[in-house]
Structure formats: structure tokens, C-alpha cells
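Here are my notes for a first look. Please read them with the structure open beside you.

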There are 2 protein chains.
Amino acid sequence: MGRISDARERLLKAANELTWKQGYNAVTVDAICDAAGVKKGSFYHYFESKAELTKAAIEAWWQERSRPIIESSFAPGVPPLERLKRYFEGIYESQMKIKREGGTLLGCAFFRLAIEGEGVEPDVREAARHALSRKRKYFVQAIEDAKQAGLIRVDDVEAATQAVYSLFEGALARARIQDNPEPLKGIYEQVL
Amino acid sequence: MGRISDARERLLKAANELTWKQGYNAVTVDAICDAAGVKKGSFYHYFESKAELTKAAIEAWWQERSRPIIESSFAPGVPPLERLKRYFEGIYESQMKIKREGGTLLGCAFFRLAIEGEGVEPDVREAARHALSRKRKYFVQAIEDAKQAGLIRVDDVEAATQAVYSLFEGALARARIQDNPEPLKGIYEQVL
DNA sequence: CTTGAATTTGACTAACTAGTCAACTACATT
DNA sequence: AATGTAGTTGACTAGTTAGTCAAATTCAAG
């Protein structure tokens with residue numbers, strides 16, 4: 001019944017790209033509509049508000065972009081430390097590609113959104129935080145496995161993950177701030 | 001000649017507090033004026049735009065808040081590694097205090113601003129980046145000194161600083177995101 | 001006490017903001 | 001081919017935004 005359309009997908013994609021670059025509050029509904037080639041009336045046919053769109057966009061981003069990349073690095077068969085190494089290298093490559101194609105290095109989309117603070121609807125922030133905590137789980141697992149396999153000596157897996165994950169997200173955020181991949185270089189070596 | 005006023009200082013203070021919490025784009029000139037108890041006409045008597053105010057506010061923040069705290073930890077007489085330890089502990093304490101008094105943990109004001117990306121005037125971002133690089137210099141110095149004193153074994157001071165600084169800023173940003181000081185605990189131990 | 005420069009005020013604009021809505025269109029299903 | 005429903009449109013509102021301005025006020029200095 002009725003016609004079919006990919007306007008919803010185009011809106012999600014445009015929302016992610018613009019919010020990633022400019023931040024939640026700097027992006028207007030009009031700008032998202034323009035980028036998606038969708039009229040405002042249609043926007044509100046698909047989403048009840050800018051906040052709802054953003055929440056849906058975060059989930060779509062995780063399912064379609066982040067998760068596949070993470071799971072290919074953190075595959076079950078791969079040795080624990082190799083998983084981290086692969087992931088860090090993959091991130092370096094993908095950030096370089098983003099910079100090459102879009103002109104600026106953008107870092108982690110979820111981190112960018114989650115850090116905003118007040119002035120962003122609480123449930124939007126919560127969605128971004130949730131995506132970050134999903135990502136973090138792969139780190140915990142890898143470090144736990146590395147410990148079991150006797151590859152590293154740590155007494156507190158939770159504390160070790162805290163450090164590795166802070167270093168990783170910190171480097172990624174600093175790369176965005178400086179628009180320069182330098183902080184991402186050799187994270188794997190720094191982790192050890 | 002003419003009367004004297006502290007309206008300018010009140011505006012700088014209000015701008016910093018609000019921008020730290022809510023981000024550049026979420027804060028309005030009206031909100032800053034309200035918080036400072038200053039009328040809009042007066043605002044534009046002191047600053048030619050919101051961007052100019054923010055730049056001035058960043059500089060004031062650095063001079064009056066960040067720098068004194070940093071310099072008391074990184075004092076010349078203090079042994080290099082002790083400097084880092086003092087600084088990390090000081091940050092932990094001050095973030096806890098901010099949370100106690102303001103209800104939320106806010107992290108680093110410069111980092112928060114610098115990460116915004118497009119959608120913030122380039123010179124505002126540049127001012128925030130500049131403050132971060134000033135901060136980073138104290139880390140380089142401490143690590144360099146620690147190497148000279150034979151306290152640590154590193155071949156590349158620049159790379160080591162990269163890691164320590166990413167870990168520190170990453171932990172601080174994550175503490176903000178989670179509104180929880182957990183990532184800040186034991187950074188000093190993690191650094192070693 | 002007078003002067004005049006620094007400061008304050010509030011009303012103003014023009015542009016932009018998120019969100020609404022009723023009419024219109026195209027097409028998958030029958 | 002008819003039909004109904006999902007999708008589209010553009011003009012609309014009401015509130016907010018950064019920034020302007022001329023007139024009024026205050027008070028340090030002469």
C-alpha cells in the first residue's frame with residue numbers, strides 16, 4: 001500500500017554526517033532536510049522531533065557502521081591482543097579515509113555526541129553513552145581473554161580496560177581536535 | 001572618567017560556566033546576560049560578538065583557573081613524576097568538588113570546547129586548542145625531566161607524552177560523559 | 001559643582017528556529 | 001483499472017536568536 005521511499009534512510013544518513021561534523025546544537029532540521037533532499041513536511045512524517053531522529057540515527061550508525069567494523073576486528077578466532085591491534089589499525093585507516101574524503105578528521109561520532117552535556121536532550125545523550133558502553137564491552141572481553149591466555153599480567157581487568165579505553169578514546173578525540181592522526185599512531189604499542 | 005563596573009568580569013565568568021556545562025551552541029547570549037545580571041545592550045558594549053566573548057573567556061579561564069592549578073602541581077622544585085601524580089590527584093579532587101557543588105562532573109572546559117568541530121567559529125576553536133597545547137607543554141617537560149633523571153626508560157619522549165596526555169584527557173572526558181569520577185581513579189598508576 | 005566619558009537600559013530588527021497542517025501525488029495491492 | 005494508503009509538498013505559526021541603537025544614567029576627575 002502507498003508508495004515506497006528511502007527518505008527515512010537518507011535523513012538518518014544526513015543527520016549522522018552533519019551531527020558528527022558540527023555537533024547536535026549546531027545542526028538544524030532544515031540543514032538535515034536539505035542534505036537529505038527531503039522537505040520539512042516529510043521529515044515530520046518520519047520522525048516526531050529532531051531528538052527522535054538523532055536517537056534513531058545513533059542506533060543506525062551503530063548497527064550499520066560501528067558494529068561491523070568492531071566485530072571484524074574482535075572476531076572470536078583472533079588472538080586477544082591481535083584483536084586490539086587490528087581494531088586500532090582499522091580506526092587509523094578509517095579516520096585517514098574520512099579526512100581524505102571529507103576534509104577533516106572526525107573521531108568517534110558517539111563520543112562527540114555524548115560529551116555535549118546539558119543543552120542536549122537527556123535521552124539523546126543516553127543513546128550515545130549506550131553506544132560507547134557497547135563498544136567498551138569488546139575491550140573488556142579482549143583484555144579478559146588476554147589475561148586468561150597468560151598474554152598479559154594484570155590483577156584488575158576492569159582497571160586495565162579503564163586505562164586502555166581512556167587512552168583509545170582520548171587519542172581519537174585529540175586527533176579530531178587537532179585534525180591530525182598523530183595521536184592515533186602506535187596506540188597499540190602504547191597500550192602494552 | 002565615567003563610572004566603573006565589573007560587568008565585563010561577570011560576563012566572562014557566566015560565559016565560562018554556561019559554555020562548560022552546555023556547550024557553545026546551546027548557550028545563548030540572553031542566557032549569559034541573565035546569569036551575569038547584565039542587559040543585552042551592555043553585553044555589546046563590552047564584546048562585539050558571542051565569539052569574541054568566548055575567546056576572551058577562554059583566555060581568562062586559563063589565566064585565572066587552569067594555569068595556577070597546573071603550576072602549583074608542576075612546580076620546578078617538585079620531582080618530575082611527583083608533578084604528574086600531584087596534578088592527577090588535584091584534578092580528581094577538583095572534579096569531585098565541581099560535581100558536589102554543581103550537580104554534574106564537567107571535565108576539561110577547553111577539551112569540551114575544542115571538540116565541538118564545525119559549527120563553532122574557527123577562532124574560538126583555535127583559542128581552546130591553544131589552551132590545550134599550553135597544558136600539554138607541562139606534560140612534555142615533566143616526562144623529559146623524568147627521563148633525564150633516569151626515573152623512566154623511554155626512547156621517544158614525544159610519543160610517551162602523546163600516550164600520557166591522551167590517557168589523561170580521555171579519562172577526564174569519559175568522567176564527564178559518565179558523570180562519574182571512576183575513569184580518573186588511579187591514572188597515575190596506569191601511566192606507569 | 002560641572003563636565004563628559006564610561007556605562008546602562010529597553011525597545012527594536014531581521015533572520016532563523018522547530019514544528020504544524022491540509023491538500024496533493026504516486027503507486028502497491030486488489 | 002480502481003482504490004486506499006504511504007509519502008510529499010510548501011506555506012504557515014510562534015517562539016527564539018544574535019545583534020543594534022539612541023537615549024538615559026552615573027560618577028571620577030577637573
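1. **Terms and model.** Two residues are in contact if their C-beta atoms, placed from the backbone, lie within 7 Å. Helices (H or I, at least four residues) and strands (E, at least two) are DSSP runs, numbered from the N terminus. This is a predicted model, where local features need pLDDT of at least 70 and side-chain atom pairs count only at pLDDT 80 or more, while totals for chains, interfaces and linings use all residues. Residues are numbered from 1 along each chain as its sequence is written, and chains are lettered from A and ligands numbered from 1 in the order in which they are written.

2. **Chain A overall.** Chain A has nine helices and zero strands. Its pattern along the sequence is α-α-α-α-α-α-α-α-α. Along the principal axes, its C-alpha atoms fill a box of roughly 60 × 40 × 30 Å. Chain A has 192 residues, and 40% of them count as buried. A residue is buried if 20 or more other C-beta atoms lie within 10 Å of its own, exposed if 12 or fewer, and partly exposed in between. Take the contacts in chain A with a separation of 6 or more: 61% of them join residues 24 or more positions apart.

3. **Helix H2 of chain B.** Which residues of H2(B) are buried? In this helix, residues 29-36, they are B:Ile32, B:Cys33 and B:Ala36. They cover an arc of only 100 degrees around the axis, so they sit on the same side of H2(B). The arc is that of the directions from the helix axis to the C-beta atoms. These buried residues pack against helix H1 (7-22) and helix H3 (40-46) of chain B. After H2(B) comes B:Gly37, with a positive phi near 65 degrees.

4. **Helix H2 of chain A.** Here A:Ile32, A:Cys33 and A:Ala36 are buried. Down the axis of H2(A) they fall within an arc of 100 degrees, so they line one face of the helix. Their cover includes H1 and H3 of chain A. A:Gly37, just after H2(A), has a positive phi of about 65 degrees.

5. **DNA strand C.** A residue is near a strand if its C-beta atom, placed from the backbone, lies within 6 Å of it. Around strand C there are 23 residues, and A:Thr28, A:Gly41, B:Gly2, B:Ser5 and B:Gly41 come nearest. H2 and H3 of chain A and H3 of chain B each supply at least two residues of this surface. H3(B) has the largest share, four residues. By class, the surface has seven nonpolar, nine polar and seven charged residues. Ala, Val, Leu, Ile, Met, Phe, Trp, Tyr, Cys and Pro count as nonpolar, Asp, Glu, Lys and Arg as charged, and the others, Gly among them, as polar.

6. **DNA strand D.** Strand D is surrounded by 23 residues, the closest being A:Gly2, A:Ser5, A:Gly41, B:Thr28 and B:Gly41. H3 of chain A and H2 and H3 of chain B each give at least two residues to this surface. H3(A) gives the most, with four. The classes are seven nonpolar, nine polar and seven charged.

7. **Chain A against chain B.** Here 30 residues of chain A are in contact with 29 residues of chain B. On the chain A side, H1 (7-22), H6 (109-114), H7 (122-148) and H8 (157-178) give two or more residues. H8(A) has the largest share, 12 residues. This side divides into 12 nonpolar, 10 polar and eight charged residues.

8. **The H8 crossing.** How do the axes of H8(A) and H8(B) cross? They come within 7 Å and cross at roughly 95 degrees. That makes H8(A) roughly perpendicular to H8(B), a term for angles of 65 to 115 degrees. Axes are lines fitted to C-alpha atoms, for helices over the stretch in contact, and angles run from 0 to 180 degrees between N-to-C directions. The contact residues include A:Leu167 and A:Arg174 of H8(A) and B:Leu167 and B:Arg174 of H8(B). By class, the contact has eight nonpolar, four polar and four charged residues.

9. **Two residues to check.** A:Asp179 is not a glycine, yet its phi is positive, about 55 degrees. A:Asp179 lies in the loop between H8 and H9 (187-191) of chain A. B:Asp179, also not a glycine, has a positive phi of about 50 degrees.

Key. Angles under 35 degrees count as roughly parallel, over 145 as roughly antiparallel, 65 to 115 as roughly perpendicular and the rest as oblique.
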